[in-house]
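Work through the exercises below with the sequence and the coordinates open. Each task is followed by a solution in steps.

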Amino acid sequence: MNKTALRMEDSHAGSVCILSIGGRIDSANAADLLDRLNGLFSSGEKTILLDFKEVLYLTSAAFRVLLVVTDEAERNEARVVLCGLAGQARELFEMGGLLEAFTVHGSREDALGRL
Amino acid sequence: MSRPPGLLYSVDETPPRAVLIAAGLQQAALMSTSLLYPIILGREAHLSPDRLLDFVSVSMLSLAIATLLLCTKSRFIGSGYLCPGGCSQLYLGPSVSAAHIGGLPLVFGMTVVTGILQTAIAPVLRRVRFLLPPEIAGLVIAVVGLFMAVLGVRYSLSEATSSTVMSEDLAIAAVSLTTMVILNVWTKGFLRMFCLLLGVAVGYGASAAFGILDFSTGMPSQGLPLLRLPSLELLQWRFDASLIAPFAIIAIAGILNLTANVSYAQRINDADWVRPNFSSLSRGLLANGIAMVVSATIGSMGINTYSSSVGLSAATGVTSRSLAYVISIVFALLSLMPAAAALITTIPAPVVGAAFFFAAAFVFASGIQAITARLLDSRKIIVIGFSFAMAMLPNTSQDLLAHAPGLFHPILESGLVLGTVSAVLLNLLMRIGVRQRVTMKLEPGHVDRETIEQFLSEQGGRWGARRDIISRAIFGVVQVLEVVDHGSEVEASFDEFNLDIRIRYAGTPLLIPDRRPTPREIVASEDGERLLAGYLLRQTADRVNCKASGGGTVEVQLHYDH
């Protein structure tokens, strides 16, 4: 498997659903991320923590999906929180001025402590 | 430029007077370990105890002058950073060879030649940068660090004549080194700042406790005056054409060493550091060349920026240029005190060993960082790996090298010189066949990200491009291709300072907005997503341009400073 291909794995910590994401997120796989998140909300998850620790980079298509999902979650009294942003992925959030558009915590432990 | 965490005093800040003096003394204490090289050289030249003290005193004076020249900040000369000058082990091997052939006058003469060569290269340093890429400078600095560590171990054991004495020496070195490490890692403020000085003091205390502190060994039989101008009895110059080649190579090794040290000093002052400031490097090299000429003119050996000092300033967070004045004054005064030179010749070897070993860790790590910051393809790996092995050869295969023609001995006797020669030559050889401009044709209507990533990563490795720049370029290409209609070609061109990407496609020009689209605009339509794509490209590339050319073809130009 290509190491830059999108990888997603969900787990739980109490009532928080953690979706660990790895690889790159772009127009080729942004729809997969959207489907996975919609699936989790449909199954009744109210708080989803997206762990970006392993994400290499994300393009405008991925940002759009994240914004769409965050809007959708707010409308359904759920929430999406981001953590583990590092390296180029974090740079892109910063350079794109998009950090303030999301709830972002440092590490996964830090995020779980606040949720 | 942003302030790195852990930096207590930046290069332009002046610490309070007490800190300034104590930190300057600490640097001077560390730099005095570099006086071991003139001591070794003087002994190889069979100097009497009197003349040896003069040689050490003059070397102190040349450290004072060199430090002032190297650290000064002006339009014409000086790196502008705290890169004090030390007697350099780079020059030790060839200088010992020269001393064997023609005594110290030949060492002085050839050192003048080396200095003139460095002075001549200084104005064109930027133009010859392809000969001296950062990973080779990193290699040189890593090898210097490694040899410093080895030298540290040797000095920790050098007094060993029996198992009992060895255990005492080891104990002194261990106590001294442990003190330095504990203070550096687990304390803050003054204790961390002066970890090396305190470690040396503890080492002196331990040496006294073990009864191996003997101040009488370096004393001339007739005693020492309190103040005395060093005798210039040694002062003569000789030249030998057969030594020009090895000393010219040393001059290049010296340039690499200076490049690495000044770059390191720049980096520890700037968290956003990505590439060396060449003006500072050129002025530093000019200062170094002149310092070499001055040093040899007054009767001392070759000088270079002292890696341990830059390592110490990184370890303590005190990088203020003001320290250079304190260091220079201290060494200028000490050069007039024969007792100081005598004290240097009697400093307990295990204490020197501990200081070398401690500073070596920071020097070595800095070299490794400089090497690994670049993408390494097979060519670079061969240059680095082979040269590293060559650097180790003189230490491991002395018998083999003894059979080489005498002309090559000055090069073959020093691992540092041999490693540098190997790296410079292999680097030139490996440039054969590396195209600086490459083009990749794309399948219509299909963006194969893996192929693009592989193409740019492999090419970046061949060029020795920085990983972070290649990662940004990969993002840029993928981002462009996912929002344009029919990408047809990606072209990448590179030199040491620029990476330029051109992406050609059929369709309408991409908008590159100055203003970030709002989250609402991004979510509202795919046009919003395209605007975000253009905005991200503008933010991640150092320059971006999109223009329509003939036949409905559009070209996006992405420029990245390297």
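**Exercise 1. Chain composition**

Task: State how many helices and strands chain B has, and what share of its residues counts as buried.

Solution. The model is a predicted one.
- Step 1: Chain B contains 22 helices and 7 strands.
- Step 2: Chain B has 562 residues, and 54% of them count as buried.
- Step 3: Among contacts in chain B with a separation of 6 or more, 79% are between residues 24 or more positions apart.

Task: Give the corresponding description of chain A, including the order of its elements.

Solution.
- Step 1: Chain A has 4 helices and 5 strands.
- Step 2: Read from the N terminus, these elements follow the pattern β-β-α-β-α-β-α-β-α.
- Step 3: Of the 115 residues in chain A, 36% are buried.
- Step 4: For contacts in chain A with a separation of 6 or more, the part due to residues 24 or more positions apart is 71%.

**Exercise 2. The sheet of chain A**

Task: Determine the strand order in the sheet of chain A and identify its edge strands.

Solution.
- Step 1: The sheet is open, holds 5 strands in the order E1-E2-E3-E4-E5 (chain A), and has mixed pairing.
- Step 2: E1 (7-13) and E5 (103-104) of chain A each pair on one side only, which makes them the edge strands.
- Step 3: Strand E2 (residues 16-25) of chain A runs parallel to E3(A), and 9 bridges join the two. Within E3(A), Val55(A) is the bridge partner of Gly23(A).
- Step 4: Strand E3 (residues 47-58) of chain A is also parallel to E4(A), with 5 bridges between them. Here Ile48(A) is placed opposite Val80(A) of E4(A).

Task: Explain why strand E4 (residues 79-83) of chain A is described as largely enclosed.

Solution. Of the 5 residues of E4(A), 4 are buried, so the rest of the structure largely encloses this strand.

**Exercise 3. Two helices of chain B**

Task: Compare the length of helix H15 (residues 378-396) of chain B with its expected span, then locate its buried side.

Solution.
- Step 1: H15(B) has 19 residues; its first and last C-alpha atoms are 26 Å apart, close to the 27 Å expected at 1.5 Å a residue.
- Step 2: The buried residues of H15(B) are Arg379(B), Lys380(B), Val383(B), Ile384(B), Ser387(B), Met390(B), Ala391(B) and Pro394(B).
- Step 3: These buried residues lie on the same side of H15(B) because they cover an arc of only 135° around the axis.
- Step 4: The general rule is that an α-helix has 3.6 residues a turn, so residues three or four places apart point the same way.
- Step 5: On the face turned away from the buried side of H15(B), the exposed residues are Ser378(B), Asn395(B) and Thr396(B).

Task: Repeat the length check for helix H10 (residues 278-298) of chain B.

Solution.
- Step 1: The 21 residues of H10(B) should span 30 Å at 1.5 Å a residue, and the end C-alpha atoms are 30 Å apart, which agrees.
- Step 2: After H10(B) comes Gly299(B), with a positive phi near 105°.

**Exercise 4. Nonpolar cores**

Task: Which residues touch the most other members of the largest nonpolar core?

Solution.
- Step 1: This core has 148 residues, and those with the most contacts to other members are Val140(B), Ala355(B) and Ala359(B).
- Step 2: Leaving out residues up to four places away in sequence, Ala359(B) touches Leu30(B), Met148(B), Ser308(B), Gly311(B) and Leu312(B).
- Step 3: There is a second, separate core of 69 residues, with Cys17(A), Leu49(A), Leu98(A) and Leu510(B) among them.

**Exercise 5. The contact between the chains**

Task: Describe what chain A brings to its contact with chain B.

Solution.
- Step 1: Chain A supplies 20 residues and chain B supplies 20 residues.
- Step 2: On the side of chain A that touches chain B, the elements giving two or more residues are H2 (60-75) and H3 (87-95) of chain A.
- Step 3: H2(A) gives the most to that side, with 7 residues.
- Step 4: By type, the residues on that side of chain A are 9 nonpolar, 8 polar and 3 charged.

**Exercise 6. Classifying two alanines**

Task: Is Ala171(B) buried or exposed, or in between?

Solution.
- Step 1: Ala171(B) belongs to helix H6 (residues 163-186) of chain B.
- Step 2: Ala171(B) counts as partly exposed because it has 16 C-beta neighbours inside 10 Å.
- Step 3: Ala171(B) and Pro350(B) are 179 residues apart along the chain, and their C-alpha atoms are separated by 8.6 Å.

Task: Classify Ala209(B) in the same manner.

Solution.
- Step 1: Ala209(B) is in helix H8 (residues 195-210) of chain B.
- Step 2: Its 13 C-beta neighbours inside 10 Å make Ala209(B) partly exposed.
- Step 3: The C-alpha atoms of Ala209(B) and Ile172(B) are separated by 9.5 Å, with the two residues 37 residues apart along the chain.

Methods:
Residues are numbered from 1 along each chain as its sequence is written. Chains are lettered from A and ligands numbered from 1 in the order in which they are written. This is a predicted model: local features need pLDDT of at least 70, side-chain atom pairs count only at pLDDT 80 or more; totals for chains, interfaces and linings use all residues. The expected span of a helix is 1.5 Å times one less than its number of residues. A residue is buried if 20 or more other C-beta atoms lie within 10 Å of its own, exposed if 12 or fewer, and partly exposed in between; C-beta atoms are placed from the backbone. The arc is that of the directions from the helix axis to the C-beta atoms. Two residues are in contact if their C-beta atoms, placed from the backbone, lie within 7 Å. Ala, Val, Leu, Ile, Met, Phe, Trp, Tyr, Cys and Pro count as nonpolar, Asp, Glu, Lys and Arg as charged, and the others, Gly among them, as polar. A nonpolar core is a set of buried Ala, Val, Leu, Ile, Met, Phe, Trp, Tyr and Cys residues joined through C-beta atoms within 7 Å. Two strands pair if DSSP finds at least two bridges between them.
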